[in-house]
Amino acid sequence: MTPEEFRRLGHELVDWIADYRERIDELPVMSPLGPGEVKARLPATPPEEGGSLDAIARDVEELIRPGITHWNHPRFFAYFPSNTSLAAVLADLVASGFGAQAMSWQTSPAAAELEEVVMDWLRQMLGLPATFTGVIHDTASVATLCALLEARERATRYSQEEGGLQESPVPLTIYASAEAHSSVEKAARLAGFGQDHVRAIPTDDAHALRLDLLAEAIQRDRDAGRRPAALVASIGTTATTAIDPLAGMAEIAGRQDLWLHVDAALAGCAMILPECRPLWRGIERADSLVVNPHKWLGVGFDLSAYFVRDVPHLLRVMSTSPSYLRTAEDPAVRNYRDWGIQLGRRFRALKLWFLLRDQGVRGLQARLRRDLANARWLQEEVDATPGWERLAPVPLQTVCLRHVPARLAQDEKAIDQHNLALAERINRGGRAYLTSALLKGRRMIRVSIGSELTERAHVEALWQLLRDTAAALP
Ligand code: PLP
């Protein structure tokens, strides 16, 4: 493709994206396609010869778009908000246009220095002290893996530089709430701690980790000759956005010399609002934390912000320095290849830069405040409506609810089935998309508010849809 052909087709595709976003409200939120339907319409073998891309916009519209679940839809209430603001779409286009591989400062100084600047902007926006330094990863899963690798190496005094965990006679243990995201357990397994050494600490009525049971579990492990290595605090659990008692966990971590990692993947975005910061009181004592601007803020998947306090430790754990990667500038610059697992890196900082220049801190704050108010409105509606129950507090933008028809009262199994059917019927109907999940054995429906386009009217429409659909179920 020549630059001239790119210009023509690029304009066409940008128009297509603008049209798509303009009419997104009319589309079914969840893709209505069944398994295999997209595949059946694609050739089984690759094109032997290259040809014209002229038909590509039509193919995107006819073959691909129907198989997309629209995360930027105003009635997307599933999982968590994952907004890709149009400014971030443009940034991704520019990043791909450069095609820069940002592994070292020298391989694209602008990528390294913009990352340094925007991560420090983000630190300030989140109200984090200057003792934290940030680096961009793809996902919270990878950031949490980095955190547990750092924890392992601190606890073992850099065992990876010798025989590694294989030579250690003392098992290391990790602690997180039973409601922690699965990425914590996955990271613990991958970092070599082993499933048997991950403690899922039970939660209280608000679904937050119980400090008393945490302290007991640590003591039990010490008594048994194991070595506690790390705590992971969830600031905003996936199911209910429950907030673990971070200050108390920091106290224990400090006293017991444990690494403290904070998983604030979604809820961390709310910390751009000073009024939300009491939720993570104690954060300044964390060793590491992860926030996903690719969730609620709108930077577009994928951009996960990992902050640490001890940069030399991170570098010692992560860096390698083969001769072919060394450059003359190394002593004076940040080579982000040494700040994480991957060597090659995309130019992700551009997305955060575009977003912040487009919306400013105030614009983002106003949007998040709108979402918090919408969640409070729904919470009040649920609380005031007979036959509906709320299953968790609403510290942020997620409302966990269920419908309990009078005819099913007391029959927990039937209530579970009823709520599963309710969520499935709504999702298949295409007018809204929700997640149903189990919370301490009970089936609930999660309404996660925060799509960029979601206004109060959309939340009202959802609440009406929930009540109408529940009433119509057999
Ligand atoms: N942590 C929490 C609390 C989450 O809710 C999620 C995703 O939903 C993750 C971690 C994983 O995020 P990622 O997809 O960026 O790995």
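These legends describe close-up views of a predicted model.

**View 1. The ligand and its surroundings.** The ligand has 13 residues around it. The closest are Ala140, Ser141, Thr238, Asp263 and Asn292. Sorted by character, this shell holds 3 nonpolar, 8 polar and 2 charged residues. The ligand sits in the second largest pocket.

**View 2. Polar contacts of the ligand.** Look for the oxygen atoms of the ligand. One oxygen lies 2.5 Å from an N or O atom in the side chain of serine 141. At alanine 140, the partner is a polar backbone atom, 2.8 Å from a ligand oxygen. Histidine 294 offers a side-chain N or O atom, 3.4 Å from an oxygen of the ligand. How much of the ligand does the protein bury? Taken alone, the ligand exposes 400 Å², and the protein buries 89% of that.

**View 3. A salt bridge between two loops.** Side chains of opposite charge can pair when their charged atoms come close. The count for this model is 31 salt bridges. One salt bridge joins aspartate 25 and arginine 75. Their closest N and O atoms are 2.5 Å apart. Which parts does this pair tie together? Aspartate 25 belongs to the loop between α1 (3-22) and α2 (37-40), while arginine 75 belongs to the loop between α3 (56-64) and α4 (86-98), so the pair links parts that are 50 residues apart in sequence.

Terms used. Residues numbered from 1 in each chain as written. Predicted model: local features only at pLDDT ≥ 70, side-chain atom pairs only at ≥ 80, totals over all residues. Heavy atoms only, no water. Near = heavy atom within 4 Å. Polar contact = N/O pair within 3.5 Å; in protein donor to acceptor, adjacent residues only side chain to side chain. Areas by Shrake-Rupley, 256 points an atom, 1.4 Å probe, with all protein chains shown as cover. 1 Å grid on protein atoms, 1.4 Å probe; cavity = no way out; pocket = protein on both sides within 12 Å on 5 of 7 lines; lining within 4 Å. Sits in = over half its atoms within 2 Å of the grid points. Nonpolar A, V, L, I, M, F, W, Y, C, P; charged D, E, K, R; others polar. Salt bridge = Lys/Arg side-chain N within 4 Å of Asp/Glu carboxyl O. Helix = DSSP H or I, 4+ residues; strand = E, 2+ residues; numbered from the N terminus.
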